[in-house]
Structure formats: structure tokens, C-alpha cells
Amino acid sequence: MTDRSLILTAPAKINLYLGVHTERDARGYHRVDSLMAAVGLADTVTVTPTQALTVQTVPASDFPMQKNTAYRAAIAMAEHYGRDANVCVTIEKRIPLCAGLGGPSTDAAAVIVALAELWSIDRADTALDDIARGIGADVPFFLHTSPAFYVGGGDVLATEYPVLPATPVVLVKPHETSVSTVEAYRRFDESPVPADKPDAIASVLRAGDAEAAYALVHNNLGVISAQMEPRIQAVLDWLRAQEGTVAVDVCGSGACSFAICDTVAAAAHLAGAAQQNGWWACATELIPNTVQIDAPKK
């Protein structure tokens with residue numbers, strides 16, 4: 001392993017389509033169809049060779065580093081490849097937690113990518129996907145291109161689509177609001193919300209028709225999250241009432257929602273207005289890349 005530091009961009013994601021089904025796989029996980037796209041909001045992950053594995057976040061997290069997905073990813077990589085994950089991982093957090101934006105997943109993917117680079121492992125090695133899947137359902141997405149469709153438990157790559165244009169997006173999350181994904185699935189099982197079939201949005205994405213795809217944005221688990229947390233529903237209602245929004249839905253299981261906007265100005269205006277309403281908000285855009293190594297090789 002070299003002694004150079006790697007700096008990685010670890011972007012957030014939104015779900016253009018999320019379809020949760022009542023049937024489960026052998027692991028007991030719900031069958032999930034998930035069409036994800038990366039956005040420009042990103043954490044910065046620095047991985048530096050050192051004497052022992054450490055993970056720290058800025059600002060500091062309030063839980064032990066051993067519970068951080070990035071730490072778990074490093075341990076899983078070390079176990080699989082028979083190496084010592086002697087690196088210091090520093091995560092500059094910009095992606096809010098408990099948002100459905102994939103923050104912990106993208107951080108874990110960044111560590112997998114960094115160690116693969118430091119250990120001269122081909123990023124196309126299918127073992128990396130298996131390791132990612134063991135950390136969390138969204139982690140494999142951040143190893144590949146965007147947008148992409150995942151099946152199984154939402155963790156098995158089915159299709160990668162043509163790059164979407166740099167479409168403006170605004171992200172809005174009520175402060176101090178979170179949804180337990182486990183509880184959301186439990187509520188879903190109690191009163192399932194049928195999922196739209198993904199065929200239509202998949203078809204137009206294959207054809208490269210972004211506008212048609214945005215008209216078909218769907219998330220049946222988001223319906224449950226909004227029922228559980230009225231502040232999510234308030235954000236959705238507000239976004240849908242604003243000018244310049246093309247599509248509005250929940251990110252994953254929440255508590256963040258997103259609006260695809262018709263102009264950069266509209267996204268910026270909505271982010272400012274949402275902050276005036278007392279919510280966290282960020283104007284960003286869809287991007288074609290997931291986790292990327294930024295620092296040049298030395």
C-alpha cells in the first residue's frame with residue numbers, strides 16, 4: 001500500500017422510482033425496485049494510510065466509530081482481501097443523516113473505492129459489490145454510474161441508463177425530523193401501498209427521455225413516511241404548490257424530500273424559501289458520477 005492520501009467525493013442520491021413489495025427474499029428483506037440518481041450534494045472522504053484503522057467525522061458524530069458504515073466497510077474489505085485496513089478515514093459531512101439521501105452508504109462506498117485503489121484492486125471486481133451489499137442496500141449503487149436500476153432487496157444492479165442532463169434539484173428536510181426505516185416497513189406491511197410498475201420510467205430512461213422520466217417519479221414507501229411524519233407531508237405539499245417544480249417526492253424512506261426543477265434559478269429560489277420556512281434545504285443538480293477519487297495520484 002502506498003503512503004499517499006486519497007480525497008474522494010461521495011455524493012448523495014435521490015430515488016426517481018422506489019417500489020417496495022410485500023414479498024420477501026430468503027434473507028427476510030422486502031423485494032425492492034429502486035431507480036437511483038446521484039446529485040451534487042456530497043461528503044468529502046479523505047483516506048490516509050496510517051498505523052491503525054480510525055474513522056472520524058466533521059462535525060463529530062455522537063456514536064462510536066465502530067458503528068460507522070465507513071468503518072464497517074474498511075473491516076469488510078480487510079477480511080475479504082486478507083489485508084490490514086490501516087487507514088485514517090476523515091468524513092466531512094454535508095449530507096444530512098436520517099434523510100434518505102444515502103449519506104452513510106456513499107461514505108462506505110468511498111472507503112471501498114479508496115482501499116481498492118490503495119491495494120491495486122480492479123474497481124470492476126465483483127467482490128466489491130458483494131462487500132458493499134453486506135454493508136447496506138444502497139452502497140452498491142455508489143460504486144457504479146448514475147442513473148441505475150436495482151432489484152432484489154434494492155441492492156442488485158439490473159440496468160444502467162444513459163446519463164441524465166444536469167437537471168436542477170432542490171432538497172428539503174424539516175430539522176429534527178427522522179423516520180425509522182424499520183418502522184416504515186412495519187407500517188407498510190400493516191397497510192401496503194401498491195407500487196406503480198417501473199416499466200414506464202425504465203423505458204423512457206432507456207430512450208434517454210429525461211422529461212418523460214421525471215413525470216413518472218414514484219415512491220410508495222414515501223407515502224408511508226409522510227403518514228408517519230406530518231412534517232414530511234407539509235414539505236411535499238409546499239413543494240408541489242410552488243412554481244418551477246417538475247416532480248416532487250420523498251428521498252428513500254425520508255425525511256428529506258426533493259423537487260426536480262425546470263431552472264437553476266427555480267431550485268435556488270425554492271432552497272432559499274424553504275430555509276425561510278425553517279427547513280434545511282439545498283439547491284443542487286443531477287450528476288452522472290457516483291463516488292469519485294479527486295486527488296491526483298502522486
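## A covered strand, a helix crossing and an aromatic cluster

In strand β10, F258 is the residue that stands opposite L171. L171 belongs to strand β7, and this briefing starts from that strand before turning to a helix pair and a group of aromatic rings. Please keep in mind as you read that the model is predicted.

**Strand β7 and its neighbours**

- Strand β7 covers residues 168-174, and seven of its seven residues are buried.
- In a regular strand, side chains point alternately to one face of the sheet and to the other.
- On one side of β7 you will find P168, V170, V172 and P174, all of them buried.
- The other side of β7 carries V169, L171 and K173, which are buried as well, so both faces of the strand are covered.
- With strand β10 (residues 257-261), β7 runs antiparallel, and four bridges join the two.
- With strand β11 (residues 279-287), β7 also pairs in the antiparallel sense, here over seven bridges.
- In the pairing with β11, V169 of β7 stands opposite T284.

**Where helices α4 and α7 meet**

- Two packed helices are described by the distance between their axes and the angle at which the axes lie.
- Helix α4 spans residues 181-190 and helix α7 spans residues 220-228; their axes come within 9 Å and cross at roughly 105 degrees.
- Angles of 65 to 115 degrees count as roughly perpendicular, and α4 and α7 are therefore roughly perpendicular to each other.
- From α4, the residues that meet α7 are E183, A184, Y185, R187 and F188.
- From α7, the partners are N220, L221, I224, S225 and M228.
- By type, the residues of this contact between α4 and α7 divide into six nonpolar, two polar and two charged.

**Aromatic rings**

- A search of the whole structure turns up five aromatic pairs.
- In one of these pairs, the ring centres of F141 and F142 are 5.1 Å apart and the planes are at 70 degrees, so the pair is edge-to-face.
- F141 and F142 are both buried.
- F141 also pairs with Y150: the ring centres are 6.2 Å apart and the planes are at 85 degrees, so this pair is edge-to-face too.
- Y150 is buried, as is F141.
- Together, F141, F142 and Y150 form one aromatic cluster.

Technical notes. Residues are numbered from 1 along each chain as its sequence is written. This is a predicted model: local features need pLDDT of at least 70, side-chain atom pairs count only at pLDDT 80 or more; totals for chains, interfaces and linings use all residues. Side-chain values use heavy atoms; hydrogens and water are left out. Axes are lines fitted to C-alpha atoms, for helices over the stretch in contact, and angles run from 0 to 180 degrees between N-to-C directions. Angles under 35 degrees count as roughly parallel, over 145 as roughly antiparallel, 65 to 115 as roughly perpendicular and the rest as oblique. Contact means heavy atoms within 4.5 Å. Ala, Val, Leu, Ile, Met, Phe, Trp, Tyr, Cys and Pro count as nonpolar, Asp, Glu, Lys and Arg as charged, and the others, Gly among them, as polar. Rings of Phe, Tyr and Trp (its six-membered ring) pair if their centres lie within 6.5 Å; planes under 30 degrees apart count as stacked, over 60 as edge-to-face and the rest as tilted. Buried means under 20% relative accessible area, exposed over 50%, partly exposed in between (1.4 Å probe, protein chains only). Two strands pair if DSSP finds at least two bridges between them.
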